[in-house]
Amino acid sequence: MPKIYKPGKVAIVLQGRQAGKKVVIIKQVDEGTKDRPYAHAIVAGIERYPRKVTRRMGTKKIQRRSRVKPFIKIVNYSHLFPTRYALELEGLKGVISPDTFKEPSQREDARKTIKKLLEERYQSGKNKWFFQALRF
């Protein structure tokens, strides 16, 4: 069976609290671990997407509306839907590891760095599809 979930691949979460949200895969574990004996992936996604911005808005309002609220999670492969899109974020790989989820302070630090990286990517105008909420 070909490996679908590779780092940088964009997927959609199908189950749970973040259902319908887009995520980027950071690390995949095809065989599972002792704690999680199933195939899963560590993902970073967008919980709250940036809002619409128009030309008439001021810079302060544009900055406020361009904010992104990220989340990090370990998700079972069966709860992910792969897409054809990919997101190249080199900084994400070093930020999150399986140890990040053990302590809340590490998790918060990881979320802050991911927020910064995603907002920079959004401001640059790349990967527009990733920053738009799914409509269904």
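1. A search of the whole structure finds 5 salt bridges, a salt bridge being a side-chain nitrogen of Lys or Arg within 4 Å of a carboxyl oxygen of Asp or Glu. The structure is a predicted model, in which local features need pLDDT of at least 70 and side-chain atom pairs count only at pLDDT 80 or more, while totals for chains, interfaces and linings use all residues. Residues are numbered from 1 along each chain as its sequence is written, and side-chain values use heavy atoms, with hydrogens and water left out.

2. On the overall fold, the protein chain has 3 helices and 5 strands, and their order along the sequence is β-β-β-α-β-β-α-α. Helices (H or I, at least four residues) and strands (E, at least two) are taken as DSSP runs and numbered from the N terminus.

3. On overall dimensions, the radius of gyration of the protein chain is 15 Å, which agrees with the value near 14 Å for a compact globule of 136 residues. That radius is taken over C-alpha atoms, and the globule rule is 2.2 Å times the number of residues to the power 0.38. Along its principal axes, the C-alpha trace spans about 55 × 35 × 25 Å.

4. On surface and packing, 35% of the 136 residues count as buried, where buried means under 20% relative accessible area, exposed over 50%, and partly exposed in between (1.4 Å probe, protein chains only). The accessible surface of the protein chain comes to about 9000 Å², and 49% of it belongs to carbon and sulfur atoms; such areas come from the Shrake-Rupley method with a 1.4 Å probe, and for residues only the protein chains shown count as cover. Among contacts with a separation of 6 or more, 63% are accounted for by residues 24 or more positions apart, a contact meaning heavy atoms within 4.5 Å.

5. On charge, the protein chain carries 33 positive and 12 negative side chains, and the centres of these two sets lie 13 Å apart. Lys and Arg count as positive and Asp and Glu as negative, whereas His and the chain ends are not counted; the place of a charge is NZ of Lys, CZ of Arg, CG of Asp or CD of Glu.

6. Among the salt bridges is one between the side chains of Lys-3 and Asp-30, with 3.6 Å from N to O. This pair links distant parts of the chain, 27 residues apart, with Lys-3 in the segment before β1 (9-13) and Asp-30 in the loop between β2 (22-29) and β3 (40-48). Lys-3 counts as exposed because its relative accessibility is 55%, whereas Asp-30, at 26%, is partly exposed.

7. The side chains of Lys-69 and Glu-47 also meet in a salt bridge, at 3.6 Å from N to O. Here too the pair links distant parts of the chain, since Lys-69 belongs to strand β4 (residues 69-76) and Glu-47 to strand β3, 22 residues apart. Lys-69 is partly exposed, with a relative accessible area of 27%, and Glu-47 is partly exposed with 23%. Another salt bridge joins Asp-99 to Lys-102, their closest N and O atoms being 3.7 Å apart; Asp-99 is partly exposed at 47%, while Lys-102 counts as exposed at 62%.

8. Val-68 lies in the loop between α1 (59-65) and β4, and it counts as buried because its relative accessibility is 2%. Leaving aside neighbours within four places in sequence, Val-68 is in contact with Ile-46, Arg-48, Pro-50, Lys-115, Leu-118 and Glu-119. Pro-50, placed in the loop between β3 and α1, is likewise buried, with a relative accessible area of 12%. With the same sequence neighbours left aside, the contacts of Pro-50 include Val-68, Tyr-122 and Phe-131.

9. Tyr-85 is found in strand β5 (residues 80-86) and counts as partly exposed because its relative accessibility is 30%. Tyr-85 and Lys-9 are 76 residues apart in sequence, yet their C-alpha atoms are 6.3 Å apart in space. Beyond its neighbours within four places in sequence, Tyr-85 is in contact with Lys-9, Val-10 and Trp-129.

10. A backbone point for the reader's attention concerns Asn-127, which has a positive phi of about 55° although it is not a glycine. Asn-127 lies in the segment after α3 (104-124) and is partly exposed, with a relative accessible area of 25%.
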